[in-house]
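I opened this model to see how its parts pack and where its charges pair up. My notes are below the view.

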Amino acid sequence: MKKYDTPLIDELEKGPWPSFVTEMKKAAKNNEMANDAVGHLEKCFKTKVGYWKHGGIVGVLGYGGGVIGRYSEIGDEFPGVAHFHTVRINQPSGFFYTSAALREICDIWDKYGSGLTNVHGSTGDLVLLGTKTEALEAIFAEYSSRGWDLGGSGSALRTPSCCIGPGRCEWSNYDTLDLSYALTQEFQDEIHRPTFAYKFKIKMSGCACDCVASLARADMSIIGTWKGKIEVNQDEVKNYAKNGMDINAEIVNMCPTQCISYDGKALKINDAECSRCMHCITRMTKALRPSGERGATICIGSKAPIVVGSLLSWVIVPFIKVEPPYTELKDLVRKIWEWWDDNAKPRERIGEVIEMKGMRSFLEGIGQSPIPQQIKEPRKDPFMFYTEDDMAAFKAKEAEEKKTGKFKF
Amino acid sequence: MALPQRKTDIGPPHYKQFLPPVIQKNYGKWKYHEITDPGLMVHVGESGDKLWTVRVASPRILSTATIREHCDLADKYCGGFFRYTTRNNVEFLVSDEKQVEPLRKDLTKRGFKMGGIGSGISNVVHTQGWVHCHSACTDASGLVKSMMDELMPYFESKRLPNKVRLAVACCVNMCGAVHCSDIAVVAVHTKVPTIAHENFKNMCELPTVIGSCPTRAISPDPANKSVKINAEKCMYCGNCFTVCPPISIKDPERDGVAIVVGGKVNSLRSNPKFSKLVIPYISNEPPRWPKVVAAIKHIVEVYAKNARKHERVGEWIERIGWERFFSLTGIDFTFQCIDDFTFMRDTMRTSSTFKW
């Protein structure tokens, strides 16, 4: 095996943070592909440019995604990375594993690939970095026969992902692990066979802490919330005060709706005015917890800056129950896709299409009524559409008022 | 040897089989948790059962050898059960308190770094960079390693007013939630792309290329059977390069990074926020990017000194005002910081009340 001189990336083996270069070299010890990946990276550091070509179309029979073709422009110099494709393995909900399961994944990958991985990729898949086209069918047969499947890529539903939820969190308002699994199973075809205008991501967080950043990077963000009171354990409140918490400064004054008061003895919450932001609950986890009806808020449209700027997801359904078999939620997903499919040009994310076509078109398309919880503030300009039906409704209301002698605004 | 029979559309294995018995028993019935130190927390169930989590740093790029080491440790101390986090840390799930200290000792002996929980700096969300991406204009893993070597105390022990979420994107595609991080690095191009006209007609679709441009800088060039780019409109996003390989935008001397601050994804106290540009350009300086590292460390230190307890970077800046952020940090304010893309009307000041 060729030995590469790598003075630049060797610098990144120094220092306390774990080194990815050390990882690449570990894999390179007995793997030709990983060894050339090390030499290839040193060249990037030396010349300050990358050498990977645009992805090519490679994959496994019957699937249109899950494998991302990657070729080097300088494959002659580094034949081990001439092909260096990525394989996305759909992660289990919440990234939980057993040692036996991960060893199985490693055994297969050592046999057919570079021995390099990303645990995990940004979308959530367990990413296997670097293999050759001819190994793909064998890799797929080995993994799928043992119960592992590929994740999404391209213009498809991308692998859904979720926070740890009820597995290890007291704040989760629905079963994120189960919903992620259920949606992944329900939409296997949409994950494996790209038929959308562009990518579509679904991410699930159990509360407003949003540990999977769904509001910032999922076309559909499903964020857990509740409708009942925040239960207060006054003994634990006293303990927090005793242990040095300045409850007025840290809790009362930091409440965005100013719905908490504290008189030095008891903490009171005006639950009707609470916006469920989670600040007080996360700071006083032993004293405060949500109660009552649980469910989720559905938001739509977030994405990174390409093409016309970043978007955060917009609230479309303020509250939905999230309980197996999740029929209402699955129907909503299908309606959203149908509207998107009818209105999108190629490579348009749903948030961009909503901006172009207007939120009204989208909400009507999926059968949602307008309600104030969807907006931060109403329209500022007086330029607006009135349909014939809108006008008929306004006129009918006024006719009714004339009859009853009472205005209804 | 014959291959096993492939199966399709089976989805991932069911998560239940990977949950340790203590989680199976207390599933959805956790009562509270406490952070003992940045590398250890304990969750307590309504049943009184406890689950200790030991969090360990990872470079995200892992060799199978290191994953096997994680497996060995999990076998020895946690019945084989462990997980990874959305920020790519490893979490060992210990249900027997007596195993916590032996595990921590073993981890220390092997050189693993514990930390990242609570009000400090956790692992950095980042992209592939030169390691494996075609559109990278810097190396994400190299930047992360350089940053975290310097910020290590905030991972292992030192505390901040609140958590500081860091991210690195190796181009403006921003895979991962870089655009809503407390402090993030995004690699940028700074020059108009060049076009290999002779390859255009064989490799690119004209409407797709024109449609890919956010500033409508691209128009047809019938003479060359290609397109032309209006230099006065181009903002170097590279989206045209993504859809059309003959368009080239990489430039080793001009590619660099920008620093954005003040974003967050959760809704605690204030709404989720985008990160905003404060440093428009620093040259790419592999292997250690010293100026980028110094800038991030400086911003963290100014935040640590000035923010109130529980304020995230963006909340602190909103309280003191951006003009104060620039004066406190001493960062030069440049034209790039004024939005001339899509958000100008929302971001210019519309009152005469501000601080000197």
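These entries go from the ground rules to chain B, its domains and then the salt bridges.

**Ground rules.** The model is predicted, so I kept in mind that local features need pLDDT of at least 70 and side-chain atom pairs count only at pLDDT 80 or more, while totals for chains, interfaces and linings use all residues. Residues are numbered from 1 along each chain as its sequence is written, chains are lettered from A and ligands numbered from 1 in the order in which they are written, and side-chain values use heavy atoms, with hydrogens and water left out.

**Chain B overall.** I looked up the extent of chain B: its C-alpha trace spans about 75 × 70 × 35 Å along the principal axes. Chain B has 11 helices and 15 strands; these are DSSP runs numbered from the N terminus, helices being H or I with at least four residues and strands E with at least two. Of its 356 residues, 58% count as buried. Buried means under 20% relative accessible area, exposed over 50%, and partly exposed in between (1.4 Å probe, protein chains only). Among contacts in chain B with a separation of 6 or more, 63% come from residues 24 or more positions apart; contact means heavy atoms within 4.5 Å.

**Domains.** The domain assignment splits chain B into domain 1 (16-109), domain 2 (125-190 + 253-347) and domain 3 (194-248). Such bounds come from an automatic or database domain assignment. I took the pair of domain 1 and domain 2 of chain B, whose centres are 30 Å apart over C-alpha atoms. Eight residues from domain 1 of chain B and 12 residues from domain 2 of chain B make the contact.

**How much area do domain 1 and domain 2 of chain B bury between them?** I noted about 840 Å², 53% of it on carbon and sulfur atoms. Buried area is the accessible area (1.4 Å probe) that two parts lose on being put together, summed over both. On the domain 1 side of chain B, B:Pro38, B:Arg60 and B:Arg87 supply 64% of the area buried against domain 2, more than any other three residues.

**Polar links there.** I found zero salt bridges between domain 1 and domain 2 of chain B. A salt bridge here is a side-chain nitrogen of Lys or Arg within 4 Å of a carboxyl oxygen of Asp or Glu.

**Salt bridges elsewhere.** Over all chains the count is 48 salt bridges. In chain A, I checked A:Glu11 with A:Lys14, where the closest N and O atoms are 2.7 Å apart. A:Glu11 counts as partly exposed at 29% relative accessibility, and A:Lys14 as partly exposed at 46%.

In chain B, B:Asp37 and B:Arg104 meet in a salt bridge at 2.8 Å, N to O. B:Asp37 is in strand β1 (residues 30-37) and B:Arg104 in helix α3 (residues 100-110), so the pair links parts of chain B that are 67 residues apart. B:Asp37 is partly exposed at 24%, but B:Arg104 is buried at 15%.

Helix α3 of chain B turned up again: B:Asp106 there pairs with B:Lys76 in helix α2 (residues 64-78), 30 residues apart. Their N to O distance is 3.7 Å. B:Lys76 is exposed at 56%, whereas B:Asp106 is buried at 6%.

**Network.** Last entry: A:Arg168, B:Arg55, B:Arg83 and B:Glu91 are linked in a network of salt bridges.
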